[in-house]
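Trainee: Could you walk me through this one? I'd like to know what stands behind each label.

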Amino acid sequence: RRSKEGSSHRIIHQMANTKHTATWNGAVLAESDKCETVEGNFYFPPDSIKKEYFKDSDHTSVCGWKGTANYHTIEVDGKRNENACWIYREPKAAANNIAGYYAFWKGVTVK
């Protein structure tokens, strides 16, 4: 377990020691034992994702301490889950541990 001090808050994250899998619509999207956990979300390293399911999206959002998140739409067997995955390509310093890592929501199951 590691912690970083932010200017106005404390950020706690940890490296997950067990294998985690992200699935949606019957497909494995990512699988790794090297996930980072931040604010209850598992962030998967870039080499763990199945790129054939990920489509770039123009959607972005901004977190005050992590920076700008870019989104991907997940597509499996012709079904689309819009903006169901996000990534901080160039996060702020406090979130460097998740630079380039992928996180999921919108019905994607992470176990």
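Mentor: Let's begin with the elements: helices (H or I, at least four residues) and strands (E, at least two) are DSSP runs, numbered from the N terminus. By that rule the elements here run β-β-β-β-β-β-β-β-β-β-β from the N terminus on, with zero helices and 11 strands in the protein. Mind that this is a predicted model, where local features need pLDDT of at least 70 and side-chain atom pairs count only at pLDDT 80 or more, while totals for chains, interfaces and linings use all residues. Residues are numbered from 1 along each chain as its sequence is written, and side-chain values use heavy atoms, with hydrogens and water left out.

Trainee: What makes Cys35 buried or exposed?

Mentor: Buried means under 20% relative accessible area, exposed over 50%, and partly exposed in between (1.4 Å probe, protein chains only). Cys35 has a relative accessible area of 0%, so it is buried. Cys85 also counts as buried, because its relative accessibility is 0%. Across the protein, buried residues make up 46% of the 111 residues.

Trainee: How many disulfides does a search of the whole structure find?

Mentor: The test is a pair of cysteine sulfur atoms within 2.5 Å. The search of the whole structure comes back with zero disulfides.

Trainee: Why is β8 called largely enclosed by the rest of the structure?

Mentor: Eight of its 10 residues are buried, so β8 is largely enclosed.

Trainee: How do you know which strands pair with β8?

Mentor: Two strands pair if DSSP finds at least two bridges between them. Seven bridges join β7 (residues 54-63) to β8, and these two run antiparallel. β8 and β9 also pair in the antiparallel sense, over six bridges. Ile74 of β8 is a handy landmark: Phe54 is its bridge partner on one strand, and Asn81 in β9 is another partner.

Trainee: What joins these strands into one sheet?

Mentor: In general, strands of a sheet pair through backbone hydrogen bonds, either parallel or antiparallel. Here, four strands form an open sheet in the order β7-β8-β9-β10, with antiparallel pairing. β7 and β10 are the edge strands, since each pairs on one side only.

Trainee: Which strands form hairpins, and what sits in the turn?

Mentor: β8 and β9 form one with two residues between them, and Asp77 in the turn has a positive phi of about 50 degrees. β7 and β8 form a hairpin with three residues between them.

Trainee: What makes a set of residues a nonpolar core?

Mentor: The set must be buried Ala, Val, Leu, Ile, Met, Phe, Trp, Tyr and Cys residues joined through side-chain atoms within 4.5 Å. The largest such core has 17 residues, and those with the most contacts inside it include Ala22, Phe54, Ile74 and Tyr102. β3 (20-24), β4 (27-32), β8 (67-76), β9 (79-87) and β10 (102-104) each supply at least two residues of this core. Apart from it lies another core, of 13 residues, among them Cys63, Trp65, Tyr71 and Ile98.

Trainee: Which residues does Tyr102 touch?

Mentor: Contact means heavy atoms within 4.5 Å. Not counting residues up to four places away in sequence, Tyr102 touches Phe42, Tyr43, Phe44, Pro46, Ile49, Phe54, His72, Cys85, Trp86 and Ile87.
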